[in-house]
Amino acid sequence: MAYFKDAQEVYDTIGRLFTELASDDELAPKFRQANTIVQYQHEDPDSTITVRLMEDEPTDVDFGETEMEPEVVMTMEADTAHRFWLGRVNVTTALARGQIHASGPVAKILKLVPLTKPAFPRYKELLEAEGRDDLVRID
């Protein structure tokens, strides 16, 4: 059974994480070092989150349709994305197994991966604060 019943739940959880990170005085500048626009395309349920991570620009987050043109696109099931943000997915293994598909400049993709680790505890805290223990206690 999928963790999320619809796109809105994806936006309310994973999307909210991106929105909070965008306004975080400590983490947002680190994410902007990626200097790219990344789009996360999720399946089951279908949902799209696009994030502008440019060094000299504010971080923008769009849900669904967007005017931003992504340079990096990460495609995966929403369940895989959820487990990733909990810190339970090895990106290298997931890419090799086809659980995550990445397109765009390899250097930019590789730069994004280590930037995500500080967000893992934040995502778990966000879920717990929302009373979503069902999403924290998985596997």
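The exercises below, each with a worked solution, deal with a predicted model.

Residues are numbered from 1 along each chain as its sequence is written, and side-chain values use heavy atoms, with hydrogens and water left out. Local features need pLDDT of at least 70 and side-chain atom pairs count only at pLDDT 80 or more, while totals for chains, interfaces and linings use all residues.

**Exercise 1. Find where threonine 75 lies, decide whether it is buried or exposed, and list its contacts.**

Step 1. Helices (H or I, at least four residues) and strands (E, at least two) are DSSP runs, numbered from the N terminus. Threonine 75 belongs to strand β4, residues 72-77.

Step 2. Buried means under 20% relative accessible area, exposed over 50%, and partly exposed in between (1.4 Å probe, protein chains only). The relative accessible area of threonine 75 is 17%, so this residue is buried.

Step 3. Contact means heavy atoms within 4.5 Å. With neighbours within four places in sequence left aside, threonine 75 touches Gln41, Glu43, Gln99, Ile100 and His101.

Step 4. Glu43, one of these contacts, lies in strand β1, residues 36-43. Glutamate 43 has 41% relative accessibility and therefore counts as partly exposed.

**Exercise 2. State which residues threonine 48 contacts and how far it is from glutamate 128.**

Step 1. Threonine 48 is part of strand β2, residues 47-53.

Step 2. Apart from neighbours within four places in sequence, its contacts are Tyr11, Gln39, Tyr40, Gln41, Asp62, Phe63 and Gly64.

Step 3. Threonine 48 and glutamate 128 are 80 residues apart along the chain, and 23 Å separates their C-alpha atoms.

**Exercise 3. Follow the salt bridges of arginine 52, then examine the pair glutamate 128 and lysine 124.**

Step 1. Side chains of opposite charge can pair when their charged atoms come close. A salt bridge is a side-chain nitrogen of Lys or Arg within 4 Å of a carboxyl oxygen of Asp or Glu. The whole structure holds ten salt bridges.

Step 2. Arginine 52 pairs with glutamate 57, with the closest N and O atoms 3.8 Å apart. Arginine 52 also pairs with aspartate 60, where the closest N and O atoms are 3.0 Å apart. Glutamate 57 is partly exposed at 35% relative accessible area, and aspartate 60 is partly exposed at 30%.

Step 3. Glutamate 128 and lysine 124 form a salt bridge at 4.0 Å, N to O. The two are separated by about one helical turn because they stand four residues apart in helix α6. Glutamate 128 is partly exposed at 37%, and lysine 124 is partly exposed at 38%.

Step 4. Elsewhere, salt bridges that share partners link Glu9, Arg132 and Asp134 in one network.

**Exercise 4. Describe the place, the burial and the contacts of arginine 132.**

Step 1. Arginine 132 sits in the loop between α6 (119-129) and α7 (133-136).

Step 2. With a relative accessible area of 18%, arginine 132 is buried.

Step 3. Leaving out neighbours within four places in sequence, arginine 132 is in contact with Tyr3, Glu9 and Leu127.

Step 4. From arginine 132 to leucine 115, 17 residues apart in sequence, the C-alpha to C-alpha distance is 25 Å.

**Exercise 5. Explain why helix α3 is largely enclosed by the rest of the structure.**

Step 1. Helix α3 covers residues 78-85. Its buried residues are Ala78, Asp79, Thr80, Ala81, His82, Phe84 and Trp85.

Step 2. Seven of its eight residues are buried, so the helix is largely enclosed by the rest of the structure.

Step 3. Glycine 87 follows α3 and has a positive phi, near 85°.
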